[in-house]
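Trainee: I'm new to this one. Could you walk me through it and tell me how each label is earned?

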Amino acid sequence: MLAYLVRRLLYALPILIGVNLITFALFFVVNTPDDMARMQLGVKRVTPDAIEKWKAERGYDKPLFVNSAASGAGVLTETIFFAKSARMFVGDFGRAEDGRDIAREISARMGPSLAIALPTFVLGLFVTVAFALVLAFFRASYLDFWGVVLCVALMSISGLFYIIGGQYLISKVWKLVPISGYGGGVEAWKFLILPVLIGVVSGIGSSTRWYRTIFLEEIGKDYVRTARAKGLSEAAVLFRHVLRNALIPILTGVVVVIPLLFMGSLLTESFFGIPGLGSYTIDAINAQDFAVVRAMVFIGSVLYIVGLMLTDISYTLVDPRIRFDR
Amino acid sequence: MNFLPVILWSDALIWLLVASALLLGWLSSRNPPLRAAWRRVGRHRPGMAAATVLLAFVLIGLLDSLHYRPALENKGEGKTAYAIEVLSLLDLVATPLRTRNEKTYSEPLATRAYAKEAIEVREADGSVRQTRDYPRLKHGGAHLGADEAGRAADVGRRLLQAGGAALLAWGTLAALAAGLLAHAEGTTQAAAWRRIWRGESDFAWNAVLGALAALFLVAFPLLALCGDYHVLGTDKVGQDVFYQVLKSVRTALVIGLVTTLVMLPLSIFLGILAGYFRGWVDDAIQYLYTTLNSIPGVLLIAAAVLMMQVVIDTHPQWFATAAERADLRLLALCFILGMTSWTGLCRLLRGEALKLRELEYIQAAQAFGVSDLRIISRHILPNLMHIVIIALVMDFSSLVLAEAVLSYVGIGVDPTMISFGTMINNARMELAREPMVWWSLAAAFAFMLALVLAANLLADAVRDAFDPRMAGAA
Amino acid sequence: MSGADAMPGELLLSVRDLRMGFVSGRRVLSAVDGIGFELRAGETLALLGESGCGKSATALALLRLLPAAGRILGGAVEFAGRDLLQLPESAMRAVRGGGMAMIFQEPATSLNPVLTVGRQIGEVLERHAGLAGAPARARALELLAAVGIADPQRRLDEYPFQLSGGMKQRVMIAVALAGDPRLLVADEPTTALDVTIQAQILDLLRRLQAERGMGLLLITHDLGVVAQMATRVGVMYAGELVEEAPRAAFFGAPRHPYTQKLFAALPDLARRGSHLETIPGQVPSLAAMPAGCRFAARCPHAWARCRDESPRWNELAPGHRMRCHLAEEPERAAPPVARAEAPAAVSAPVAAPLLKVDALRVHFPIRRGILQRTVGHVKAVDGVSLELARGRTLALVGESGCGKTTVGKAILQLIAPTAGRAQLDGVELTGLSRGALRPLRRRMQMVFQDPFASLNPRMSVGEIIGEGMGALGVTPDVAGGQEGEGGPGGALGALLRQVGLDPAAAERYPHEFSGGQRQRIAIARALAVQPELIVCDEPTSALDVSVQAQILNLLKALQDDLGLAYLFITHNFAVVEYLAHEVAVMYLGRIVERGSVADVLRAPKHPYTQALLSAVPSPRLDAQPAFIRLPGETPSPANPPAGCHFHPRCPRASAVCRERYPERSELSATHTVHCHLYPPGK
């Protein structure tokens, strides 16, 4: 099993390199640094000098891959690729447009992002799995039918409306919690409860429907018939037999997103004014801050790959076939 | 000629899609298993009701996909000059909606503006007095003249008329359907009518007719009122919200359909290649999609859109009109969405192709020395078609939803292009206003829900009909 | 009314007029229509029938375990004095697994893959015996030992995937026994197993039943299993019970025309060279059940009354009854006019073999570790040599996993052989490019096992058959196709007629045909390119007995007419006896014995062949040879035992067997064997 994990780890490396190359191509090959400078500076102030100055300030004045002017290792290191892309592997993301260190900013903003994303994830998973179990238990009944209809209706509503509607009803009409903002300490729950609630509700539709399909697929299998032939009650069949097996496909979709929780949610954070990584990203996009977007892309894919590995590990926990086979 | 036809890139792709849908229909009608699957869709009641609603949206979208530039007033002889503005057939039909702009917000069916303003009132004695009041709208309810109190009666009368017209139109269509069924089955009209309403007909006529009734009851009153009122109000710059909603439909359809068009060839080609040939081809393709997949979707889209923006902004000379620029940006968005979303389907198709290639009928073909190309085209592809069709309809609704979010984040369509996303984005600032401006949001919400819900229901019907695993269940 | 050799035990189960059906759209299609039987303690009632006759549905209905679409429509199931159909669900749960337990056909899928064996048994102990903790574990150990699992202590904590197929079925039986049931319902318990394992499991079931005095309701399609197990037999056809008899009467003098036909359709050596009896037509579909006797349309004796009036039960002898009008009008049972049998063409062996395979090997690499290095090979085929002459049939026999299918595919170059040679008519096949192989492909074809997977559902029958012709550029000129035109349609029609199908079938799609008809289409596809050699990979194993007979007849007739050579891959000795000229027996990738049918089947020399033959249940009362019990199961071809592969299971193994793989010994001109018992020098 250890060999298996090591192999997965080794497999992750070329993927990270691939991601790095893709982002590099996107940010520096599709558009030259000159283009970016023109864009940032605005049409009016563009002079060749201003462009050069802009590039020099940000270290974009080097060649892309090979610096023939430099000597020794500098041929490769004194380049945009090395300075901007390769150094991300050691956690050096450079500076944002406002001059702040991106790495420090990211570590400061992870907390608020997690404070929203983690409860949303845990609560959402619990609620949807429970709901799906109820629907599967009462399968082919009216409850099941209307439950599915409700799910389809819920998943047909844009996430934006959940936030807008929630803010309007709970904060504006009923005035239960503040409409937006973030604070630390004991009062933090006031700011967290609404985004978490909205996050859970907006995910109910599609997740429940998906889990229900998985449960029903498992219920149709032969071993469930065996379990019933033992005289077990329907609840025992569902919890002891079906749930354990259904966990395997559910884990595929769920575990992989756990590390990505650090990234926060773009929508929720920007609507609620939460100083997390999601709103950081949105601000960067709106300000066209390429350095920040590049850093977030890289971190996102690292977290995704960590998620893939966590998925593999979690398989070995729930599926004995993998645990003993590798 | 007093207009110049303009074919935007997205128009071309949309009509290409229509052509390929017709081709698919023709191919399906010649292939019994596919025909049987489509018949199952036809029997699915919620699915057919949803299809009816979707068809209405598609008609609006198609009407909005025939563009032209009107000729300017021709002063002398010589070359005709054409307006810089690109209009569509829908714009032409909805000219009153498009042109009758107010100054700013007004409520649905209002005759006066939403906020008080300083207005000059000419007194009986001829003096001009300044007051603060809700100003009378330029167009909303203008036909009432001074009789603003008669608005309720006017609206009521129009509603009644529209309702009557809707019933009449629906009755005609229903009779037509019954006649058609009677003719096809060789029964009397009354018997066909009974079969329709008992749900015994092979095609879900009752669902289609029910959906049509609902559709007519919404559409006719809207149409009856929209000529003289702002039936869904106006937005900040005084534009009619109903017009915006109609224009948003095309944007949503383009995003939902053209994106799949971009992604399909890629995922089909690479998926089959990886699954059928295995070995290093498979390794390479798997590496490619795992890498792309590992970049969180929104961020990849954001990065790509940002870069595209730079390209567009630094090359203004490429675009003759603003519409062309917005259109190209829309298409680029479709491409970017397509490039980031082909991986899921590709993985699915690869897995299925892996399973298929081990099947005995493929081995039988190999035993005849049939070439790989023929095996793929005759054996693998046709047996993957159901997955492709299911993916196509399933993706549509999620793409429409994604457009709204992306436009909100600022990486969606051009801000000048009307879409559900831009509508919501513009309207959300007004939520904080007291009293609230709710109609833009409500209209976008209602129309989007109708569109996406219909798409989801149709997707369910298609999945049930095409998925061999589902055939036994349900 | 107990069977001849059964002790009259206490009445356990009494089923009366049980009817059930499946919901399809707005209709309920009747699947079981008014069947009734009784079962006493210590007795085995076999419900015999072909696929789709409703026998499994009956078993599930007894326990009220029907799938979602199933509905019980009426009748009574009296078990231990209570009508199970009237019980509330909670009381029914006490019966399931407690009073009445069930084992299923597929041991591989019937056990929960993520729970240990111990938990799956413990669940029943907790539910029905109130045992938990250490006593439960002790009891589970006892049960595992009782079902013959070696090292139960270790197995208790293992997961199903760590067990072999036979062991899984033993665990299933242990689970069923845990509730100490009075009645065991076994639904095709050995159908998915190899014949040597089947013999072990049947043995086990017999022993357990005798020890515990259980009633056993055995659902099966296999007359051989019935002969070994049953005290009484009930024959089902199209949802009805048509005949019920004690074992002796059933095998001695079956009375219902359907039962008689079933016996007549069995292939065996005595019927060599003649046509097998077949039952024309098909079982009527659930949606269109005929009004009168359901067998009337296929019955050779049927007259008007049969089509109008459903027959009543008629008592023929004590305990022997049937539903057939013949019982009241026996004079009509005059045998139908015997068909003129086509004399079998006796084809003498030709000197030059058509197919010559020499030391063929197919090894699949096993990759492991961080770098996915090849750490070993699955030696699926490990040095197989054989020869086949024109117009002859060579049967390649072996249990699942012995590599027999791989041999067939490697000869056709569908799998690249690792080493060795295969020659068709003197032309080397291995190592050829695709282009160079193409002209050879029209001379050799394959018919596959699963008629449902071997035809592309998206192509019409005409396209399917035409594909090979098109790919190989065959001019449609079919032997026996005396169509005037000779055009493609005419040739296609002739081909379809040749395999016994209507030429109009060309326009239709595979899903419109039954399994037997599909197999005919697959044969027509192979014939279309006029091959000389056809590799038949278990072409009848997915088919019912009566349909199997049709296909075997067809294959035989085609061989006589066209002089085809068959490499017939099978595990079914009855089919071998009927069809083959020579036999090669495979074990773990190698041929262990080879010879003419008479040599191998009548005088088997290799201990494995002997055991295999003795394990085949014979559908007769007499002549069941003593079963040679093979311990354990076939080892993995990735890691075959040293020396003779068979020595760990061989009852006659000696020291030399553990060291050296035996040489080939020629026992006669036609009979060779690889075994140290027969030193080659002799």
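Mentor: Sure. Keep in mind that this is a predicted model. Between them, chain B and chain C bury about 2300 Å², with 51% of that on carbon and sulfur atoms. The contact draws on 25 residues from chain B and 26 residues from chain C.

Trainee: What makes B:Asp372 and C:Arg434 a salt bridge?

Mentor: Their side chains come to 2.8 Å, N to O. The cut-off is 4 Å between a side-chain nitrogen of Lys or Arg and a carboxyl oxygen of Asp or Glu, so the pair qualifies. The rule finds 1 salt bridge across the interface of chain B and chain C, along with 13 residue pairs in polar contact.

Trainee: Which helix gives the most to the side of chain B that touches chain C?

Mentor: H13(B), with 7 residues. Helices H2 (32-43), H13 (360-367) and H14 (372-409) of chain B each supply at least two residues there. By class, that side of chain B has 11 nonpolar, 9 polar and 5 charged residues.

Trainee: Over in chain C, how do you know that E4 and E5 pair?

Mentor: Pairing needs at least two bridges, and 2 bridges join E4(C) (residues 70-79) to E5(C), so they pair; the two run antiparallel. In one of the bridges, C:Glu78 has C:Asp83 of E5(C) as its partner.

Trainee: And why are E2 and E5 of chain C called edge strands?

Mentor: The open sheet runs in the order E2-E1-E4-E5 (chain C), with antiparallel pairing. E2 (27-40) and E5 (82-83) of chain C each pair on one side only.

Key. Residues are numbered from 1 along each chain as its sequence is written. Chains are lettered from A and ligands numbered from 1 in the order in which they are written. This is a predicted model: local features need pLDDT of at least 70, side-chain atom pairs count only at pLDDT 80 or more; totals for chains, interfaces and linings use all residues. Side-chain values use heavy atoms; hydrogens and water are left out. Contact means heavy atoms within 4.5 Å. Buried area is the accessible area (1.4 Å probe) that two parts lose on being put together, summed over both. A polar contact is a pair of N or O atoms within 3.5 Å; within protein, one must be able to donate a hydrogen and the other to accept it, and residues adjacent in sequence count only if both atoms are side-chain atoms. Helices (H or I, at least four residues) and strands (E, at least two) are DSSP runs, numbered from the N terminus. Ala, Val, Leu, Ile, Met, Phe, Trp, Tyr, Cys and Pro count as nonpolar, Asp, Glu, Lys and Arg as charged, and the others, Gly among them, as polar.
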